[in-house]
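Biologist: I am new to this structure and would love a close look at a single part. Could you pick one helix and walk me through how its sides are arranged?

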Amino acid sequence: MSLNFDWPVIGHANILSFLKTSLKNKRIAHAYLFLGEKNLGKETVARLFFQSLVCVNREKTKDSAIPCQKCEFCLAYKKDGFPDLYTLKRLEEKNQISIEQVRLLLHFLSLRPHSSVYKLVLIKNAEDLSLEAANSLLKILEEPPPNTVFILISENERAVPSTVISRSQLIRFNRVSSAEISAYLKERGLAPNLVRRLTVLAQGRPGLALDLAADNVNYKNYQAKISASLPLFKANIAQKFEAIKKIRSELAVREEGRNQLSEEIGRYQGILRDIIMSHYSLENLIINNSVSGLLKELSSKKKIDNIKTDIKTSFSSQALLKKNINPSLILENFFIKIS
Ligand SMILES: [Zn+2]
């Protein structure tokens with residue numbers, strides 16, 4: 001993080017510039033819908049945007065779009081104690097965001113702002129809104145009370161009611177470049193070897209790189225998953241079906257299962273890539289070098305052309321997951337096809 005506090009976000013330059021410009025020009029939409037897969041930084045950007053909006057010193061800062069981090073609002077905001085921010089999300093034991101939860105939100109919006117002039121609403125996983133809940137939100141999304149700003153976040157555009165989408169300003173988050181992720185990790189002082197490994201593992205998702213960098217436990221869990229994935233490459237068809245059954249039981253039933261499965265396939269992609277590196281004796285380019293022995297063994301047994309086809313299959317499976325095709329079928333197809 002640089003010393004001069006800017007928005008500490010990796011990548012998404014266009015989105016940041018758009019939001020900063022709207023802050024500067026005071027052209028704030030009633031409702032934004034941030035779309036994009038997990039770990040891209042949607043919530044980070046939403047929170048920074050809100051903080052900038054309420055910071056009393058913002059207009060005195062460099063480009064009038066950077067929170068000062070010192071005023072009472074910034075301080076309250078950083079401690080998660082900002083009273084005019086309401087966060088709506090699915091309760092842990094529930095399947096959806098209920099209409100009762102939306103009623104509480106509407107009550108909050110009917111009160112005057114506590115301290116700032118703004119009332120801010122963050123709705124996480126907007127695809128979790130029940131139809132009733134979404135319907136009861138529509139009116140206020142269309143004509144909110146003055147100085148009310150909504151940011152809805154979703155990983156799954158197809159599951160967000162179209163009535164909500166049509167009332168929001170859409171902002172799409174894409175994966176960021178590896179160069180941006182690795183530059184950031186370098187700046188944080190990580191060893192070059194680790195920077196390289198985390199950058200490849202993150203596959204354009206800054207949140208994942210940061211998780212793995214910040215927390216050795218996460219990194220170890222990741223390595224454990226890699227080790228657990230390896231036996232599949234030596235499995236016969238019966239063992240493959242066992243593995244499919246196991247993964248299927250672990251996948252969330254709901255739509256987010258698609259993202260989970262895409263991550264799972266991404267891990268196999270990483271292993272396949274490493275098998276190729278191992279085949280060409282490019283040991284220093286192997287990412288999962290905690291399992292380099294097994295990779296060597298696999299690379300000597302498998303045909304390199306088959307591995308390349310497997311990599312293509314993994315990418316096409318991830319592409320299919322974005323379409324309206326049953327994830328279980330994609331899972332089966334992927335496991336059966338790989339060599
Ligand atoms: Zn401030």
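Modeller: Happily; here is a walk along one helix, with a little of its surroundings first. Please keep in mind that this is a predicted model. The protein is divided into domain 1, covering 13-172, and domain 2, covering 215-337, and the C-alpha centres of the two lie 36 Å apart. Our helix is H14, residues 304-321. At 1.5 Å a residue, its 18 residues should span 26 Å, and the end C-alpha atoms are indeed 26 Å apart, so expectation and model agree.

Now for the sides. Ile307, Asp310, Thr313, Ser314 and Ser317 are the buried residues of H14 to look at. Around the axis they cover an arc of only 110 degrees, which means that they sit on the same side of H14. The reason such a pattern can arise is simple: an α-helix has 3.6 residues a turn, so residues three or four places apart point the same way. Turn to the other side of H14 and you meet exposed residues: Ile304, Asp305, Lys308, Lys312, Phe315 and Ala319.

What do the buried residues of H14 pack against? Their partners are helix H12 (257-279) and helix H15 (327-337).

To finish, a glance at the nonpolar cores. The largest has 45 residues, and among them Leu33, Phe34, Ala126, Phe150, Ile151 and Leu152 touch the most other members. Helix H2, residues 42-54, gives the most to this core, with seven residues. A second, separate core has 18 residues, including Ile226, Ile265, Leu272 and Ile286.

Terms used:
Residues are numbered from 1 along each chain as its sequence is written. This is a predicted model: local features need pLDDT of at least 70, side-chain atom pairs count only at pLDDT 80 or more; totals for chains, interfaces and linings use all residues. Domain bounds come from an automatic or database domain assignment. A nonpolar core is a set of buried Ala, Val, Leu, Ile, Met, Phe, Trp, Tyr and Cys residues joined through C-beta atoms within 7 Å. A residue is buried if 20 or more other C-beta atoms lie within 10 Å of its own, exposed if 12 or fewer, and partly exposed in between; C-beta atoms are placed from the backbone. Helices (H or I, at least four residues) and strands (E, at least two) are DSSP runs, numbered from the N terminus. The expected span of a helix is 1.5 Å times one less than its number of residues. The arc is that of the directions from the helix axis to the C-beta atoms. Two residues are in contact if their C-beta atoms, placed from the backbone, lie within 7 Å.
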